[in-house]
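This report goes through one structure, from the contact between two chains to the backbone of single residues. The sequence and the model are shown first.

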There are 4 protein chains.
Amino acid sequence: MVGIGVIGYGYWGPNLVRNFAQVAGARVTAVCDQRAERRALVEQVYPSIQTYADVADLLRNPAVDAVAIATPVSSHFELALMALQAGKHVLVEKPFTATVIQAERLVEEAERRGLTLMVDHTFIFTSAVRKIKELIDNGTLGTLYYYDSVRVNLGLFQNDVNVLWDLAVHDLSIMDYLVGAMPTMVAATGMAHVPGKPENMAYLTCYFAHNLIAHFHVNWMAPVKIRQTLIGGSEKMIVYDDIEMSEKVKVYDKGIIVSESEDAVYQRHVGYRTGDMWAPRLDNIEALRIEAEHFVECVTTGRRPLSDGHAGLRVVRILEAASQSMAQRGQPIALS
Amino acid sequence: MVGIGVIGYGYWGPNLVRNFAQVAGARVTAVCDQRAERRALVEQVYPSIQTYADVADLLRNPAVDAVAIATPVSSHFELALMALQAGKHVLVEKPFTATVIQAERLVEEAERRGLTLMVDHTFIFTSAVRKIKELIDNGTLGTLYYYDSVRVNLGLFQNDVNVLWDLAVHDLSIMDYLVGAMPTMVAATGMAHVPGKPENMAYLTCYFAHNLIAHFHVNWMAPVKIRQTLIGGSEKMIVYDDIEMSEKVKVYDKGIIVSESEDAVYQRHVGYRTGDMWAPRLDNIEALRIEAEHFVECVTTGRRPLSDGHAGLRVVRILEAASQSMAQRGQPIALS
Amino acid sequence: MVGIGVIGYGYWGPNLVRNFAQVAGARVTAVCDQRAERRALVEQVYPSIQTYADVADLLRNPAVDAVAIATPVSSHFELALMALQAGKHVLVEKPFTATVIQAERLVEEAERRGLTLMVDHTFIFTSAVRKIKELIDNGTLGTLYYYDSVRVNLGLFQNDVNVLWDLAVHDLSIMDYLVGAMPTMVAATGMAHVPGKPENMAYLTCYFAHNLIAHFHVNWMAPVKIRQTLIGGSEKMIVYDDIEMSEKVKVYDKGIIVSESEDAVYQRHVGYRTGDMWAPRLDNIEALRIEAEHFVECVTTGRRPLSDGHAGLRVVRILEAASQSMAQRGQPIALS
Amino acid sequence: MVGIGVIGYGYWGPNLVRNFAQVAGARVTAVCDQRAERRALVEQVYPSIQTYADVADLLRNPAVDAVAIATPVSSHFELALMALQAGKHVLVEKPFTATVIQAERLVEEAERRGLTLMVDHTFIFTSAVRKIKELIDNGTLGTLYYYDSVRVNLGLFQNDVNVLWDLAVHDLSIMDYLVGAMPTMVAATGMAHVPGKPENMAYLTCYFAHNLIAHFHVNWMAPVKIRQTLIGGSEKMIVYDDIEMSEKVKVYDKGIIVSESEDAVYQRHVGYRTGDMWAPRLDNIEALRIEAEHFVECVTTGRRPLSDGHAGLRVVRILEAASQSMAQRGQPIALS
């Protein structure tokens, strides 16, 4: 039985508690939040959970084997490091950390101690993204050509992080999982329309080896909510629309046919191929439930999580380079 | 009565003939096409129109006061220059020319001779774009924040021009008309997925003075057809969806409210404002008909066309810089 | 302070408890459910609420001033009558009762005792329906011509009631509120595709005085979910789509223009009028919250509820006549 | 070579001429229209076609083997009868005739003379409807449960026929083709909102043997254009949306599972089945072109047309009964 301690009981913490409470082989033993009224809420709904105002106290509780950290990103590094040093397995909210150096340090600490370190890239546990992963891995899409994502709406302005760290982090974690490769270069541009606030809209491009390109539009100041990703492959193309109720993933048997012309060596004819569209059935299981089970399984068996510290580090590496590029008006930044 | 000669009777030429034929004060007197079967088609449907295989012959016809050029872009410069030198007013298909130097030369020639030179930026004559122009000009949108356009579908690969010159030219001509200012810098990235062919997808960013940013996604290899533009302003925002049948332009009374906080000088609170949505009625007049009337009026009165040679030049300037940036993987290019 | 007792803690009961718990001037004092595990759930989440297995015991609790009944429709009459006879105000889930006679009896009992009797027609408290009511009442729509509703999806088959009592009850309660008049005649047809089960799809027509017609399509066996109502008026028309996230109510300035022709007395020319579309902003307050406040206010002040027993009776009267018509393959039934 | 004469050159006639002109094995030899300006139009575009003001003259032309009648419905009977009696094969615009008796008379005349008689049920030649027919005939849908169609928009009011004859005729011809059976009973209700005009909205129900039901909503006074048909089968369900550009036909692997319960003989449990959705690729060939080829083939080979006089008669029979039912406020009418 894995004892789970949840650090931070704001917006996301209650979801973590609710889902871990339903995982066989785990139980939520402790919750920490500095705010007394949030602790009172825990005590009322879950009388059996021990509450703490101070993280150090929670970490001293031997009934806590692993912690889930759901606090603002600025505190992730310190809290995760404390937890690892206390011998606890760690699940951290996304973005993993505020800097690459912090992420590297946590990965190293966890590996040295043989502890599970996982980042809460929730979207990769949704049925939609798992289905797309399956279609990419089994070759249905063919060679990947592009990944194009739009995530915009009238959103909450943040004081401390720009829109890339708030919104693009979702898409980068999905792309990292689906593509399974690291970009070689990134470039980003954006704009801050409120003086004194970070960029509220941004465009990010990731270049990969072999002609794959990824692009992201994120925006806190759009009139409509759009959550649409186009994935182009040599054999099939996908439209993934997270707002659609019933058909989030549509697979198009469309593409191009390239034929060498006889009359000239360098002349190529490009024709179209249009075929059926197919929307696979997706199950309705809550992604966070699947993720909680995965974390508990990794803690129990030592298996490496799908979204381990390295995945979190890769996403932070892109975000850090993108912010750097954005500060230089789109100057491309190579990733080592 | 303005006599119109149409040069090129391929895809677009018949539309020009049909529309000019209905304009009061004009009549189509001549059509030129090298292909005999295209000329035969003209003769069958319009027995009164004189046909030519050679442009020089058409230009010698005194019943031709003005020409409309609907040939591939590579021939625009030569044909337009011939026509101007023959004293004819000129309407050129978009893109205006293949290079900035060509465009500048044509503008100069037309001005020196006092001839009307217009570029066929058809979209700016649609009821949707004219309505948006009205809403920007009368202050309804407030300060412009961004212009974001997506124009993608499974499209015809071209041999000679990349996707920017084929698709983004539409959006740049619309943006040029709506924004009424020239970008100070552009950056573009793209990818060619068929060896030996030009880029089939591209992302273009235009930077303006005063925090306005414009961005364009164009793609010949998308599974679905999207024609969507978001225009963000300080007071209102617009979604312009050219695929929508009945409500192409939607005006959202949405935005943000920035209030200075008392406790700290630099602290700003950003809240939301959400209100009604409004889709103005648009008339159904064919854009090309309005444009043809406008050209004839400009020829007759000497008035400067909305999409004159300077507008065409501005769009070509952006396309040329964008192609240059794309060749350098997104390196930003300043526009003088 | 109005003490609320909730009878039935299945699907809807928890929503009632949660919403009444937030109403100023009320508190939930008791919950009754025959199932021990449902009572245990209440006790865990709301330790201060008294639970009962037997309704008679709950009704004897003096801290219960009013009850909300959220049990299957077959038990509504008996439970509501018991509650009224115990001097409690009553809110009953929809459909109000299983028969007209039962509904009449409850209305009479409540009026004789001076108790508040309200039916949980939740939809009339949504911001969408309240906005439409406002547009009808202030004359924006003009004379009502028709009300056309489609409510279909792959739904739960029920054993005891046909699809009209399950789905059309929603639309009839909305129509009753919006139109403010009783149909003079109804006709319904339907089909049962599973032997031994009630009709799983049905079409219902309601005739009113003055050329107003209403029509309802309800279906448990549709491939897609549709929740769309068209309301035609002489001045404006409305599309109310409850699945739309942000623009549930669209008001179209469309209609017809009838002009008497000069050449013949009886000859009328009908032309079109097409204008803007407008989607009013709707607030996000939960309908059940507003309804709970309304019930408490009515109990406290003696005001007549918007969806009082008479409204519930009118809806049951239509449902009963419709079922009768359906059994006779669409034979129209006059309503006295 | 089949010589085609087209009678009536208004809205639809030019489409008939254009399509028959492209059919191998046929040529358009004659066009008749009473209006001189319509004949002039023919002469200008098609100098080789002989024009007539009088049908009798056209029918005397030996170069006319078959006629296509595209005049108002009130004249169909007389013109078709004249043509058959002159020994011409006949294609008649829909609705076939104004009454059942007229339709029967034409069918009889054509059969006695061994001439081809076809009704222009254009929709059954679209790629969408042909694909649905294939899916029904090969058993993909299983047993048909229902056919539900909505065809509404702000449409042209007609003086002589009600909305059923104008709009439902399309859906009835599609249903007749797809279902391949005649309803046993029909019922219709409708409303005329303009005094002196026929019904501008109507609901029509068709009952078949074996629990199949069909329903049609047609409306000239709707704020939006809807062209949606739901077809429910025991194995699969279809949504056919004629407004959709690229995916007009969607096949849902959804339905119900009925299992006999062990504990009671008459108790049945109904569960859901939800699976993939699939939108088959549809070709882009113009339906009227396919139909013209079919007519010419039938004339040449003596093959019976898909939409022969009997199909036209069946549709008129339903329309006549429906109008009768509508006049009696929905009284069901049995079809012999």
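In this predicted model, 56 residues of chain B are in contact with 56 residues of chain A. Putting the two chains together buries about 4800 Å², and carbon and sulfur atoms give 67% of that area. On the chain B side, the residues that lose the most area to chain A are L154(B), P223(B) and R329(B), together 14% of what that side buries. The number of salt bridges between chain B and chain A is 0. Of the interface residues of chain B, 100% are also interface residues in chain A, so the copies meet through the same surface.

The relation between these two chains can be given as a rotation. Chain B is superposed on chain A by a turn of 180° with 0.0 Å of shift along the axis, at an RMSD of 0.1 Å. The two copies are therefore related as by a two-fold rotation axis. Within chain B, the C-alpha nearest the axis belongs to Q331(B), at 3.1 Å from it.

Two of the interface residues named above, L154(B) and P223(B), also lead to the strands of chain B. Strand 7 of chain B covers residues 144-154, and strand 11 of chain B covers residues 221-233. These two strands pair in the antiparallel sense over 9 bridges. One of the bridge pairs is L154(B) with M221(B) of strand 11. Strand 11 of chain B also runs antiparallel to strand 12 (residues 237-241) of chain B, to which 5 bridges join it. There, T229(B) has Y240(B) as its bridge partner. The connection from strand 11 to strand 12 of chain B is a hairpin through 3 residues. Of the 13 residues of strand 11 of chain B, 11 are buried, so this strand is largely enclosed by the rest of the structure.

Next comes the nonpolar interior. In soluble globular proteins, nonpolar side chains tend to be buried together. The largest nonpolar core here has 258 residues, and L164(B) and L164(C) have the most contacts inside it. Apart from neighbours within four places in sequence, L164(B) is in contact with residues including V169(B), A188(B), A202(B), L204(B) and V218(B). Its other contacts include L319(B), A322(B), S323(B) and M326(B). A second, separate core has 257 residues, among them F125(A), L59(D), L91(D) and V296(D).

Some backbone angles also deserve a look. Most residues other than glycine have a negative phi, and most peptide bonds are trans. The table lists four exceptions.

| Site | Feature | Angle |
|---|---|---|
| K94(A) to P95(A) | cis peptide bond | omega near -5° |
| K94(D) to P95(D) | cis peptide bond | omega about -5° |
| R329(A) | positive phi | phi near 55° |
| N211(C) | positive phi | phi near 65° |

P95(A) sits in the loop between strand 5 (89-93) and helix 5 (100-113) of chain A. P95(D) is in the loop between strand 5 (89-93) and helix 5 (100-113) of chain D.

Where are the two residues with positive phi, and are they buried or exposed? R329(A) lies in the loop between helix 9 (309-327) and strand 15 (333-334) of chain A, and is partly exposed at a relative accessible area of 36%. N211(C) belongs to the loop between strand 9 (201-207) and strand 10 (213-219) of chain C. With 38% relative accessibility, N211(C) is partly exposed.

Methods. Residues numbered from 1 in each chain as written. Chains lettered and ligands numbered in written order. Predicted model: local features only at pLDDT ≥ 70, side-chain atom pairs only at ≥ 80, totals over all residues. Heavy atoms only, no water. Least-squares fit on C-alpha atoms with pLDDT ≥ 70 in both. Contact = heavy atoms within 4.5 Å. Buried < 20%, exposed > 50% of the residue type's maximum accessible area, 1.4 Å probe, protein only. Helix = DSSP H or I, 4+ residues; strand = E, 2+ residues; numbered from the N terminus. Pairing = 2+ DSSP bridges. Core = buried A, V, L, I, M, F, W, Y, C linked by side-chain atoms within 4.5 Å. Buried area = accessible area lost by both parts, 1.4 Å probe. Salt bridge = Lys/Arg side-chain N within 4 Å of Asp/Glu carboxyl O.
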